[in-house]
Amino acid sequence: MDSDILEMSGHLALGSRLKRLAERMQADAGRAHQALGYPMQPSQFSLLVALDRYGPMTVGEAVERLQASQPGVTRIHNSLKEQGFTELSPVDGDRRAKSISLTADGKAAVARMRQEIWPHIEAAAREICAGPDGDVLTLLHRMETAMNETSLYDRIVASYNRHSMPGLSIVGYDDSLARDFYEITREWVEGMFSLEDNDLLLMEDPKGNIIDKGGIILFVKDETLGIIGTCALMPVGDGSFELTKMGVRASARGRKAGEFLLREILNRAPGLGIDELFLLTNKKCEAAIHLYEKAGFTHDAGLLARYGGRYERANVAMTYDLTA
């Protein structure tokens, strides 16, 4: 970006600039929660933490503690209640008042997020704020520059992956990996089905049929085992891409390599100008289908009718909303 009108306006636009930065950070944090399998929106954070720290409280007490509006607190509670995380109970001695409290599922969710993802969000935010002391405009510029270089979302996911999946890394395609692509694909397909013409077409020339047409192929590498998995995004025309040939060597299963790889390739998908992202699979692939559902894919019978003929074994089609 050549010019930033809010930055150029200095203290005059301080409020607008802080609001923009807060919205970027909240959006990235919310996206990271969803991508990593934690069902929370940024707007729910303050009430969850308050209930965890102080225990049950009335709506009025929550308004005071959170310095929020009564409709806002009620709205947040209602969304958490729908998820099964909070509940309302009568207050002893006051039949008109209701107390908000965490359910058992809510307490478990907060404990899990506190241990498994919030430290990575804190580390990512701290990284963005790092630098020499300065006035508020200097700090804002430093934070915005850091987020433009690497988003808060990417920093959170990278920190999470380093701790939850140590020893794994992502490698992009080059010709030396064509053999790995062939072997990994052949192993998992023949383990459950028979190789079809479309399989062989991609296996024998991944560069010509995927890379050269505007797609990408990624590999996951284990620091001791080498290349253990692969996955591709392949253009099929009119802005539609197929997530295809995702597989992990049988000798390396159980290391969450598939989850690691899927998360990374979906993170890169928006940069490809994709209008529609889908995959084809088979009901026998229960573990893979569960992984896709967890990542945000939804079943789509219409896509199966349109693209299912690409493989005889295809009886499940799923789509991914890149705008969500």
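This report walks through two sheets, a few helices and some ring pairs of one predicted model.

## Ground rules

Because the model is predicted, local features need pLDDT of at least 70 and side-chain atom pairs count only at pLDDT 80 or more, while totals for chains, interfaces and linings use all residues. Residues are numbered from 1 along each chain as its sequence is written, and side-chain values use heavy atoms, with hydrogens and water left out.

Helices (H or I, at least four residues) and strands (E, at least two) are DSSP runs, numbered from the N terminus.

## The seven-stranded sheet

Let's start with an open sheet whose seven strands come in the order β4-β5-β6-β7-β8-β10-β9, with mixed pairing. Two strands pair if DSSP finds at least two bridges between them. At the edges are β4 (168–172) and β9 (298–299), each of which pairs on one side only.

How many bridges join β4 to β5? There are five, and the two strands run antiparallel. Look for Val171, whose bridge partner in β5 is Phe219. Elsewhere in this sheet, β7 and β8 pair in the parallel sense over three bridges, and Glu242 stands opposite Phe278 in β8.

Is β8 mostly covered or mostly open? Mostly covered: six of its six residues are buried, meaning under 20% relative accessible area (exposed is over 50%, partly exposed is in between; 1.4 Å probe, protein chains only). Glu276, Phe278 and Leu280 point one way from β8, whereas Leu277, Leu279 and Thr281 point the other way.

## Helices on that sheet

Helix α10 (residues 178–192) gives you a nice ruler check. The expected span of a helix is 1.5 Å times one less than its number of residues, so the 15 residues of α10 should span 21 Å, and the 22 Å between its end C-alpha atoms agrees. α10 lies across β5, β6 and β7, at about 80 degrees to β7. Such angles run from 0 to 180 degrees between N-to-C directions, with axes as lines fitted to C-alpha atoms, for helices over the stretch in contact. Another helix, α14 (residues 286–295), packs on the sheet and touches β7, β8 (276–281), β9 and β10 (316–320). The direction of α14 makes about 20 degrees with that of β10.

Which residues of α10 are buried? They are Asp180, Phe181, Tyr182, Ile184, Thr185, Trp188 and Val189. A helix rule helps when you look at such a list: an α-helix has 3.6 residues a turn, so residues three or four places apart point the same way. The cover over the buried residues of α10 includes α11 (197–204), α12 (206–211), β5 (216–222), β6 (226–237) and β7 (240–248).

## Leu177, just before the helix

Leu177 is found in the loop between β4 and α10, and its 9% relative accessibility makes it count as buried. Leaving aside residues up to four places away in sequence, Leu177 touches Val171, Gly172, Phe219 and Ile227; contact means heavy atoms within 4.5 Å. The C-alpha atoms of Leu177 and Leu218 are separated by 9.9 Å, though these residues are 41 apart along the chain.

## Rings that meet

The structure holds six aromatic pairs. Rings of Phe, Tyr and Trp (its six-membered ring) pair if their centres lie within 6.5 Å; planes under 30 degrees apart count as stacked, over 60 as edge-to-face and the rest as tilted. Why is the pair of Phe45 and Trp118 edge-to-face? Their ring centres are 5.1 Å apart and their planes stand at 75 degrees, so the pair earns that label. This pair links distant parts of the chain, with Phe45 in helix α3 (residues 45–54) and Trp118 in helix α7 (residues 118–129), 73 residues apart. Phe45 is partly exposed, at 37% relative accessible area, while Trp118 is buried, at 13%.

Tyr173 and Phe219 form a stacked pair, 6.4 Å centre to centre with 25 degrees between the planes. Both of these residues are buried.

## The three-stranded sheet

A second topic is an open sheet of three strands in the order β1-β3-β2, with antiparallel pairing. β1 (57–58) and β2 (86–91) each have a single partner strand, so one side of each is left without a neighbour in the sheet. Six bridges join β2 to β3 (residues 94–102), and Leu88 stands opposite Ile100 in β3. Helix α5 (residues 70–82) lies across β2 and β3, running at about 120 degrees to β2.
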